[in-house]
Amino acid sequence: MVSRNPEAFSVAPIGEYLPPEPRERGPAPREDRGPTAAPSVRRELAFTAEGWEYFRVWIANVALTLLTLGVYSAWAKVRTRRYLYGSTRLGGGSFDFTADPVSLLPGRLLAVLLLAGLWVADLLSPLHYGLPVYYYAALLALAPLLPWVVVRARSFNLGHTRWRHAALAFDGDYRGAALWYPIAIGAGIATAGTAWPWLRWRRDRYLIGNSRFGLAPFSFEGEAGPYYRAYGGAAAIAVGGVLLVIPLLSLLVAVGGGPIAGGIVTLAPFFLASVYIRVRLANYRWCNTRLGLNRFRLELEPARMMWLYISNMLLIAATAGLYVPFARLRVVRYRLSRFTMTLVDDPAGFRADPSAAPGATGAEVGAAFEIDIGA
Amino acid sequence: MRIDARFFDGLVTSGRPVVLTAGAPGSLRLEGAGADREYAYAELRIPGRVANTPRHVALPGGGACVVADNDALDRLEAELHRAAPALTGGRAFRRGVDRIARLLERNAAGAGLALAVAAGILFAAARWGAPALGGAVVAAIPPENDAGIGEQVLRTFEQVGLFEPTAVSAGRRAELEAMFEPIREDLGVDARLEIRKAGRIGNAYAFPGGTVVLTDAIIERAVHDEELIAVMAHELGHVRERHWLRMLAQSAALLIVWSAATDPTMTTLAALAPATLVELSYSREFEREADRIALDYLARHGVPASRLGDLLDRLMRACGDRCDGPSWLSSHPRVAERAAD
């Protein structure tokens with residue numbers, strides 16, 4: 001994932017439900033899905049981060065970022081990840097994010113220049129039906145940059161994510177990224193969205209299938225059907241929510257609510273639908289991702305996740321942002337608590353890839369545009 | 001000093017327990033798992049401490065030692081740093097940054113200092129920084145650029161159906177034009193008057209580039225032409241000060257600073273709520289400035305100052321109490337406050 005959103009915190013691509021298995025640790029009795037009947041061990045991630053500890057890391061990042069007119073944000077990003085990854089343990093080894101903040105700076109500069117260019121295009125653009133045409137022309141002109149950003153971002157982020165000092169990696173090529181990003185976005189629009197779940201499925205296959213841990217490749221066994229079901233469910237939530245919201249809006253107008261409250265009420269069904277899609281797809285991706293014979297499972301509940309997001313938003317707004325670090329930990333803690341691995345291989349027996357980790361420029365452009373390419 | 005650590009060779013994930021000590025002056029000694037080795041301080045990459053998370057000390061050749069005892073590693077690092085040749089360039093810079101970060105995050109006092117710094121900067125940015133930037137942007141962009149944008153905005157309002165052609169008679173329109181022209185000349189701005197029907201909405205707008213729009217409903221509600229003169233002077237005040245452009249620049253500056261502080265995502269966007277309140281306060285400040293310009297014009301032309309408030313009062317009464325909520329949630333100051341000014 002490229003998004004700077006730590007809620008999307010994940011160490012690899014990734015989640016639908018497999019048949020229920022016993023929750024106990026230890027050798028699982030019936031592991032008959034793989035080609036060999038090797039004994040497997042069920043493992044969970046331990047998460048040791050604490051609210052006030054993370055608050056201190058966060059507020060130091062905020063102060064130094066403001067003090068340095070944003071330059072420190074590169075350090076803030078790395079230190080945030082190092083705190084969250086370093087607080088995540090698997091089998092006695094913690095994860096780490098080993099990027100050098102200085103290597104993020106050229107990409108950040110490029111991203112700021114691109115964003116400033118878009119802002120100027122928006123400001124100077126004539127409007128047609130209220131749409132700034134220069135702005136959209138500039139976006140279109142930047143589209144060929146997208147595959148490069150995707151590949152660089154994912155290889156940078158995975159390449160610096162380590163466990164027992166072995167790094168994840170991404171080998172995706174630009175052709176694949178070009179196919180599943182700008183071209184697929186165009187195809188999704190051209191088919192009025194009906195091909196979108198299929199395209200998302202192919203994109204996930206591309207992203208996961210080209211990822212590795214050390215020398216061990218990830219594979220994705222998911223199919224397109226559950227993607228359609230996830231989007232169908234989200235559409236039902238959005239439509240049902242809007243039908244529910246219409247009487248609420250008239251009530252709001254009757255009691256004299258302002259445009260801000262009206263906007264929140266109107267957007268709420270779409271926000272909940274997007275959370276539903278994210279949760280269902282994250283579950284499905286992880287549950288169908290393999291690392292050799294090793295399997296994963298993520299079992300987030302959409303309703304629980306919606307409650308986390310909504311309560312977090314209210315607390316963040318009420319505390320003028322001071323609740324942000326606590327809100328992040330709540331989400332990460334929940335995600336990790338619902339994540340398990342079924343390991344066939346000995347965790348000490350993975351072979352690392354000693355080749356150098358990739359550069360950061362694309363990753364930073366991706367982060368600035370919030371291109372979510374992973375979980 | 002002996003630190004228990006785990007050594008990973010960077011080839012497989014099986015670690016070996018090792019012990020780290022200070023070796024020859026300025027060198028790290030690694031004992032255990034067969035061969036003992038020594039590394040010069042300059043060869044190592046010891047990352048700065050983040051809270052109490054384990055650190056991966058990178059060794060030359062791709063291996064690393066994972067150390068959980070952060071206090072001991074801090075002491076060992078300080079000892080190596082003292083004894084080794086001074087760091088230069090990038091290494092010294094990175095170490096310096098890590099130490100400053102650590103100072104702020106290590107305890108409650110540091111966090112308090114960080115909080116005070118952040119709050120102070122945000123307050124200064126909202127109170128002085130953004131308005132100063134807004135002024136600079138207004139000075140830098142020649143007014144000729146505004147006209148095209150205003151035209152476009154007006155056309156958009158018409159295309160989406162917010163504005164319809166006026167039902168006001170041609171004779172009445174000519175009278176209004178005749179009232180408008182001397183105010184425009186007096187305030188020294190390049191502007192023109194447009195009249196549009198906007199359903200039952202009684203309001204007046206100042207578009208970029210100097211197009212002032214009065215709606216049919218506000219013209220109907222006015223019981224005295226001087227009330228409309230006051231409204232025109234108010235809108236021309238917005239035009240003269242180019243408030244739309246100032247607002248755009250100030251809001252952009254504010255949102256950039258606020259976003260940099262909170263790293264916005266779908267959820268943390270909620271932290272922008274206070275920024276919205278600041279934006280509304282800018283808007284009210286612009287309204288007050290336009291009121292002052294209008295009142296000044298009225299005073300110089302012998303028109304009672306109450307004309308401005310009278311029409312506003314009537315518009316508010318027409319829409320009931322709920323139109324005038326708490327002033328901190330509103331883009332305009334309360335009518336009662338404005339009347340008092």
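# Exercises on helices, strands and loops

The axes of helix 5 (residues 170-187) of chain B and helix 9 (residues 273-300) of chain B cross at roughly 110 degrees and come within 12 Å. Axes are lines fitted to C-alpha atoms, for helices over the stretch in contact, and angles run from 0 to 180 degrees between N-to-C directions. Helices (H or I, at least four residues) and strands (E, at least two) are DSSP runs, numbered from the N terminus.

This is a predicted model, in which local features need pLDDT of at least 70 and side-chain atom pairs count only at pLDDT 80 or more, while totals for chains, interfaces and linings use all residues. Residues are numbered from 1 along each chain as its sequence is written, chains are lettered from A and ligands numbered from 1 in the order in which they are written, and side-chain values use heavy atoms, with hydrogens and water left out.

## Exercise 1: two helices of chain B

Task: classify the crossing of helix 5 of chain B and helix 9 of chain B, then list the contact.

Step 1. Take the angle, roughly 110 degrees. It makes helix 5 of chain B roughly perpendicular to helix 9 of chain B. The classes are these: under 35 degrees is roughly parallel, over 145 roughly antiparallel, 65 to 115 roughly perpendicular, and the rest oblique.

Step 2. Find the residues in contact (heavy atoms within 4.5 Å). Helix 5 of chain B supplies Pro182(B), Ile183(B), Asp186(B) and Leu187(B), and helix 9 of chain B supplies Ile293(B), Tyr297(B) and Arg300(B).

Step 3. Sort the residues of this contact: 5 are nonpolar, none polar and 2 charged. Ala, Val, Leu, Ile, Met, Phe, Trp, Tyr, Cys and Pro count as nonpolar, Asp, Glu, Lys and Arg as charged, and the others, Gly among them, as polar.

## Exercise 2: two helices of chain A

Task: describe how helix 5 of chain A meets helix 6 of chain A.

Step 1. Helix 5 (residues 145-159) of chain A and helix 6 (residues 174-190) of chain A have axes that come within 8 Å and cross at roughly 125 degrees. That angle makes helix 5 of chain A oblique to helix 6 of chain A.

Step 2. List the contact. From helix 5 of chain A come Leu146(A), Pro147(A), Trp148(A), Val150(A), Val151(A) and Arg152(A); they meet Tyr174(A), Ala177(A), Ala178(A), Tyr181(A), Pro182(A) and Ile185(A) in helix 6 of chain A.

Step 3. Sort the residues of this contact: 11 are nonpolar, none polar and 1 charged.

## Exercise 3: strand 11 of chain A

Task: find the partners of strand 11 of chain A.

Step 1. Strand 10 (residues 211-213) of chain A pairs with strand 11 of chain A in the antiparallel sense, over 2 bridges. Strands pair if DSSP finds at least two bridges between them. Phe213(A) has Ala216(A) as its bridge partner.

Step 2. Look at the turn. The two strands, 10 and 11 of chain A, form a hairpin with 2 residues between them, and Gly214(A) in the turn has a positive phi of about 60 degrees.

Step 3. Strand 12 (residues 289-291) of chain A also pairs with strand 11 of chain A, antiparallel and over 3 bridges. Here Ser219(A) has Arg290(A) as its bridge partner.

Step 4. Separate the faces of strand 11 (residues 216-220) of chain A. Ala216(A), Phe218(A) and Phe220(A) are on the covered face, while Pro217(A) and Ser219(A) are on the uncovered one.

## Exercise 4: sheets of chain B

Task: give the strand order and edges of two open sheets in chain B.

Step 1. One open sheet has 4 strands in the order 7-8-10-9, with mixed pairing. Strand 7 (164-165) and strand 9 of chain B each have a single partner strand, so one side of each is left without a neighbour in the sheet. Within this chain, Glu164(B) stands opposite Lys197(B) in strand 8 of chain B.

Step 2. Another open sheet has 6 strands in the order 4-3-2-1-6-5, with antiparallel pairing. Its edge strands are strand 4 (37-40) and strand 5 (55-58) of chain B. Neighbouring strands of this sheet are turned by 35 degrees against each other on average, direction ignored.

## Exercise 5: two loop residues

Task: are Ala192(A) and Arg242(B) buried or exposed?

Step 1. Ala192(A) lies in the loop between helix 6 and helix 7 (196-209) of chain A. Its relative accessible area is 69%, so Ala192(A) is exposed. Buried means under 20% relative accessible area, exposed over 50%, partly exposed in between (1.4 Å probe, protein chains only).

Step 2. Arg242(B) lies in the loop between helix 7 (225-241) and helix 8 (243-262) of chain B. At 9% relative accessibility, Arg242(B) counts as buried.
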